[in-house]
Amino acid sequence: MQNKMLSFLGRRRNWTIPYALFLAFFVLVPMTLIVYYAFTNPEGKFTIANIQKFWIHPEAMNTFIYSVVVALITTALCILIGYPAAYILSKMEARKAKLIVILFILPMWINFLIRTLATVALFDFFRIPLGEGALIFGMVYNFLPFMIYPIYNILQKTDPNLIEAAQDLGANPVQVFLKTELPLSIPGIISGILMVFMPVISTFAIAELLTINNIKLFGTTLQENIYNGTWNYGAALSLIMLLLIGLTALMNRDGNSKAAEEGNLI
Amino acid sequence: MIKRILSSSYLGLLLVLLYAPILIIIIFSFTEAKVLGNWTGFSLKLYASIFQGGIHHSLSSALWNTLIIGLIAAFAATILGTMAAIGIHNLQPRSAQAIKMVNTIPILNPDIITAISLFLLFVSLGISQGYTTVILAHITFCTPYVVLSVLPRLRRMNTNLYEAALDLGATPFLAVRKVLIPELKPGMISGFILAFTLSIDDFVVTLFNIGNEGLETLSTYIYADARRGGLTPELRPLSAIIFMTVLILLLVINRRATKKKL
């Protein structure tokens, strides 16, 4: 009996079993529950009323569209601001660049709510009114490191021979960038987008703090529904977000796992 | 030359912007004012009150909860994730691919989806929410990162070493301890640190799964504070201390690493 047990443990592929069970119970079952709750009423009967409510009820729909717009603007700004930074870093001496990358990530160690409250204090200090502008600034401020890091990571790994080859073949610096470095860094940009776009839509708390409760994003709508006990509608709204995630993930099917494995997502 | 100055000043400007709010917290940790942004003269009173146990009981218990949950979750995630990574490395490509795919779900999902899905799980099973549910939820979103930081080390190591140890008469357990673990250690350590960081910084998943028995972590405490319209003044020196500790630690590690290379 003991021998059997040992040989079972000895086969290393069996070591996946605990985690596979864990994933099934804490990831797959909960995901299924979102679908289940989305298509049932509080009595547990099948219904599509929750999904219909999203289309009919303008409030949630408007928040959703507004959140997507805010997320698009934030993501675009993060790329515009973050790409040059990542590019400059990748051209630096590795030791120095590593230190600066650490400096970019370090603020993450202060709780984001405290950082957001400090941003509010900063705006008050310079008499900048809180509102939409402050919201976008706060979002870019919070998510910029998530864009810089994956892009830097991939740029820094770019084979210098490719760049040299382009130069030898007569490309000017702009052409070299457009034809070699930019296309090669696209997976980095994509993991950056994944790290910024969806989280912005679903944040809550940040928007309230930066706009004195004037603007709420989709995350807040979700939270309110769960808190008020309207779980089924909350689940339906979550399902809509899940579809959006599935869509972005599908567009980048093999890029995801590759980027994630190379540690780009972190 | 001009190009270099321009590029360094660009990075410099970004860093200044990024650090401005943190600087505000640090500066205003040296004054007693209740509201962040009011300067009522230099004072070390807030620091003194942290070290003399003058902080409110609920804040210190929130701090402890955060650390304990973080340590337990990171520890469990490291063990579970390392075992899983070893297993995945030895699976047929197809099943390995399947597990890896499910493994990325918690990474790709925004916090709030993970939070709601786990909330629904615990509620449907009638499990009352508290310490255990928060820890389980944290293990759920931490472990994938551990798996991803251990897998590359496995791919780079020579698997024959493990077989060799077995052939030389080591029990699988001994071979794991003497051959596999030392090779995987760097990946495990970075996975652990990452898991711990994610756990102590988490807000959304915690908020949904902490229940209403009065249990608080630092994040939920600050959230409740902010909603009441203010930030407990002691949080300023507390954040300043955490920040400086991490800054110094990272700088020391970085310097050591570069010295070793030289």
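Two rings of Phe, Tyr or Trp form a pair when their centres lie within 6.5 Å, and the angle between the planes decides whether the pair is stacked, under 30 degrees, edge-to-face, over 60, or tilted. In this predicted model, the structure holds 22 such aromatic pairs over all chains.

One of these pairs is formed by Phe143(A) and Phe146(A), with 6.1 Å from centre to centre. Their planes meet at 40°, and the pair is tilted because this angle is neither under 30 degrees nor over 60. Both residues belong to helix H7 of chain A, residues 132-157, and because they are three residues apart in that helix, about one helical turn separates them. Phe143(A) is buried, at 8% relative accessibility, whereas Phe146(A), at 28%, is partly exposed.

Chain B offers another pair, that of Phe30(B) and Tyr47(B): the ring centres are 5.1 Å apart and the planes lie at 25°, so the pair counts as stacked. This pair links distant parts of the chain, since its members are 17 residues apart. Phe30(B) lies in the loop between helix H1 (2-27) and helix H2 (45-51), while Tyr47(B) is in helix H2. Phe30(B) has a relative accessible area of 26% and is therefore partly exposed; Tyr47(B) is buried, at 14%.

Ring pairs also join residues of both chains: Tyr19(A), Phe22(A), Phe25(A), Phe26(A) and Phe122(B) are linked by them into a cluster.

A further arrangement involves a charge and a ring. The charged end of Lys53(A) sits over the ring of Tyr233(A), at 4.0 Å from the centre of that ring.

Note on methods:
Residues numbered from 1 in each chain as written. Chains lettered and ligands numbered in written order. Predicted model: local features only at pLDDT ≥ 70, side-chain atom pairs only at ≥ 80, totals over all residues. Heavy atoms only, no water. Phe/Tyr/Trp six-rings, centres within 6.5 Å; stacked < 30°, edge-to-face > 60°. Helix = DSSP H or I, 4+ residues; strand = E, 2+ residues; numbered from the N terminus. Buried < 20%, exposed > 50% of the residue type's maximum accessible area, 1.4 Å probe, protein only. Lys NZ or Arg CZ within 6 Å of the ring centre and 35° of its normal.
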